[in-house]
Structures are given as C-alpha cells and as structure tokens.
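Welcome, and please take a moment with the model shown here. The report below goes from the overall picture to individual residues.

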Amino acid sequence: MNIQSVNATPGKVPLYSSDAFAYSLPGGFAKALPWGTHSVDANKQTTRALIEPDVDRTLIVTDVCCDLPADWLVAQRVVLLPMRLRFDSRTRIDKGDADAAKEFFRRDLDGVGADAQMLPLSASGTHDFIQELLPEQADFVLNVSLASHRGNAYMNSLTAAQNLMLQHGRARRQVGNTRPFKMWVIDSTTALNGQGVLVAESIRALKDGMSVPRVVQHLDALRKQVHTLAVPRDVSFFHRHSRVEGDAALNWLSYGMGKVLDRTPIVHGHANGMSVATQVRGADATITRALTATTHRARAGLLAPCVCMSYAGDIADVRSWPAFTALEDTCIRHDVALHLGTMSMTNALIIGAGGVAISFACEALEI
C-alpha cells in the first residue's frame, strides 16, 4: 500500500468511520447529542451532566504501545492495557514500566528471535481490566486502541465494550443511576507510538471543554494525519522484526553492506504502512536528522499541539542530545507539548535497542 497524506476538509466535522464505534444501552451507536440535552432525569431534576464537563466523567483507556511517560499517564488517570510478549519459550508482561523495559533492553532484546509475538489481553481480560479500574463517577469510556493491523487488541476491545455496556449499565440501573453509560473504541491506525498523539490530544480537547462525541469525531480525522519517524540503531534487527513496504535497499543493508557504508534509514510510518523515507550515514546523524525534521514541522505548525518521542534506552541520554534540546526549545516557543518516554517492550520488539520513534500530526511532511 502506498502511503499518502489524507487532508481533512477545513471547517467540516468528519463523520464517524466504520471503525470508530460508540456503544450505549440498549445497544448500537451512541448518538452525538448537543451538550446538555441528555442531562435531565425523568423527574426533571438537574443531574451531574449539567454541571460537570465531560473531562470529569470520562475514563481514557489505551495500550502500553502509546509510549507516553508513566508519570504523565498517572497524572491524567489513563488506564494502560498491558501486553504479553512471547519469545524463545519465555513470556514477559509489558505493563509500561520504564525500569522493567530498560532491563529488557539490556538483557534480552538483542537475542530475541524473529518469531517473537505480542499478545494483547483477550476480550474478557480487557473487559475485566477496565471494569476493575472504572471510577464510579465515569459516564464515558474512550479507548484509543492499538492499530488493528498490528494485532487483535482493537477487536478484543470492541467485544469488551459491548459486554461492558450491558453489564455495567445494568449494574448502574440497579442502584438507581439512570444516566447513559457510553464507550467508544477507536482504531488508532498508527505505527509504534503514534497512538500517543491521539491519547494526548483527546485529553487536551476534553480539558478545553469538548464533549466526548466531538472528541471521537476529532480523533477519527486526526488519526489519518499522524506521522511516525523511526530510527533503528541495528538495521539487521529491525529488518528481521518489522514489515517495511517494498524496500529492497533496506533488505540489502541488512546483509552487511549497510555496516560497510554505515547507512541507517529513517522509517516513515503513516496510516497502515511503513516505508524508508531516507538513509543517512551513521545512526547518531540519522537520529539528528529525524529530530531536526520534527523541529521544522513543529515550527511550521502541527494539527495537534503535541510531539510524542520514545527511546529504547535511558531517556536521560536523550536529554543531552543537542538536536533534542533544539526540538524542546521549539516546542516551548510554539506551545507544543513534548512527551518523552521510555519505549515499551512491545514497540522495542520492532525497532530494537537504542531505537527512536517520534510521532506527531501534520498535513505534509518533508524529511
């Protein structure tokens, strides 16, 4: 599949796509009601929905692959669905813990075979995980899921959403809570940490007063504009563990000539595919090139005011890179939130130790 930029029509609100589902009792798509129209009970008494914004009544759910900083996720009360990694007759649980990830990078990652698997929670496991952490005051759940082309997490979340609507909705009614309970599951369609952009933007939009149905529409359009720049330090590892569209040059590099010429690719992820955007001599220079391209894009303007970056190593090292400092300064000047996190073990299975992934949303990208 060729990667093409899909531009949203200015001034128009995009409709729900076939894979941005919203459920509510008694089932089916939840109607996007104007703010306040669903906020009076049968007795005409004012309910919480009249006085509390959606941000206070919404639980955000996503996967460890978002690679957002752990302390930021905790502060925003985001529920992080874990992944199970299976490799070399071993199993590891990826819960998004930075210390566990760094230990994995040091001890295990280089030796992981190409048959390694990432296994999301089952539908019932996803249901139980969300239900256990669902606050009593939550009327909405927004699940920004791992891209459907990367595994079963999205479909499992859809099944979990249907069951949760029935069971949790019934439990609410039994205790006299008649407010609608709704859940949306969005296929991020992004590569590596691209879904982090959608999570960060959803929280920003909710805090700005946007209703949840409107946020879903916003994310449905935005996900088509998320771009990811990835730089693997070990090209051979990346070649064995990833799927890069029709790039004979990368195949050639992975078998020795790349080491002789010391060429490292910048891999561009967009929509459902990844392709090699360019190649630069030396991994450090390649990372600098990717950071510089991101800096230029942040300066020119982004469709969502955030950049998400993750590193398969100690992020303290990243903060000493001059190109990162330049990106950080640009983000500060242009009111762009820069999220730097330790790469999840799950994403590191693709990019390899020492690899970098940078994601943001824009209409056009030059590298």
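Helices and strands here are DSSP runs, with at least four residues for a helix and at least two for a strand, numbered from the N terminus.

## Overall picture

This is a predicted model. The protein has 13 helices and 14 strands, and 53% of its 367 residues count as buried. Among contacts with a separation of 6 or more, 76% join residues that are 24 or more positions apart.

## Two loop residues with positive phi

Let us begin with Asp67, in the loop between strand E2 (58-63) and H2. Its phi is near 60°, a positive value in a residue other than glycine. Asp67 has a relative accessible area of 4%, so this residue counts as buried.

Leu192 is another residue to look at, this one in the loop between E8 and H6. The phi of Leu192 is near 50°, again positive in a residue other than glycine. Buried is the right word for Leu192 too, because its relative accessible area is 3% and the cut-off is under 20%.

## The nonpolar cores

The largest nonpolar core holds 34 residues, and Ile60, Leu68, Leu73, Leu142 and Leu219 have the most contacts inside it. At least two residues of this core come from each of helix H2 (70-75), strand E7 (140-145), strand E8 (182-187), helix H6 (195-207), helix H7 (212-222) and E12. H6 gives the largest share, seven residues.

Which residues does Leu219 contact, leaving aside neighbours within four places in sequence? They are Leu142, Val144, Ile186, Leu198, Glu201 and Ser202. A second, separate core has 23 residues, including Ala290, Val336, Leu340 and Cys362.

## Helix H10 and its surroundings

Helix H10 covers residues 283-300, and its 18 residues should span 26 Å at 1.5 Å a residue; the end C-alpha atoms are indeed 26 Å apart. Its buried residues are Ala283, Thr286, Ile287, Ala290, Leu291, Ala293, Thr294, Thr295, Arg297 and Ala298. These pack against strands E9 (226-231), E10 (263-270), E11 (273-281), E12 (306-311) and E14 (356-361), and against helix H12 (322-333). Just after the helix, Gly301 takes a positive phi of about 125°.

How do H10 and H12 lie relative to each other, roughly parallel or roughly antiparallel? Their packing angle is about 10°, with the axes 9 Å apart, and angles under 35 degrees count as roughly parallel, so H10 and H12 are roughly parallel to each other. On the H10 side, the contact is made by Thr288, Leu291, Thr294, Thr295, Ala298 and Arg299. H12 meets them with Ala323, Phe324, Ala326, Leu327, Thr330 and Arg333.

## Aromatic pairs

A search of the whole structure finds four aromatic pairs. Phe87, Phe104 and Phe105 are linked into a cluster by ring pairs.

## Thr346 and Ser122

Thr346 sits in helix H13 (residues 345-351). Its relative accessible area is 1%, so Thr346 is buried. Not counting residues up to four places away in sequence, Thr346 touches Val64, Cys65, Met83, Leu85, Asp94 and Met118.

Ser122 is placed in the loop between strand E6 (117-120) and helix H4 (123-133). With 37% relative accessibility, Ser122 counts as partly exposed. Between Ser122 and Ser157 there are 8.4 Å in space, C-alpha to C-alpha, although they are 35 residues apart in sequence.

Terms used
Residues are numbered from 1 along each chain as its sequence is written. This is a predicted model: local features need pLDDT of at least 70, side-chain atom pairs count only at pLDDT 80 or more; totals for chains, interfaces and linings use all residues. Side-chain values use heavy atoms; hydrogens and water are left out. The expected span of a helix is 1.5 Å times one less than its number of residues. Buried means under 20% relative accessible area, exposed over 50%, partly exposed in between (1.4 Å probe, protein chains only). Contact means heavy atoms within 4.5 Å. A nonpolar core is a set of buried Ala, Val, Leu, Ile, Met, Phe, Trp, Tyr and Cys residues joined through side-chain atoms within 4.5 Å. Rings of Phe, Tyr and Trp (its six-membered ring) pair if their centres lie within 6.5 Å; planes under 30 degrees apart count as stacked, over 60 as edge-to-face and the rest as tilted. Axes are lines fitted to C-alpha atoms, for helices over the stretch in contact, and angles run from 0 to 180 degrees between N-to-C directions. Angles under 35 degrees count as roughly parallel, over 145 as roughly antiparallel, 65 to 115 as roughly perpendicular and the rest as oblique.
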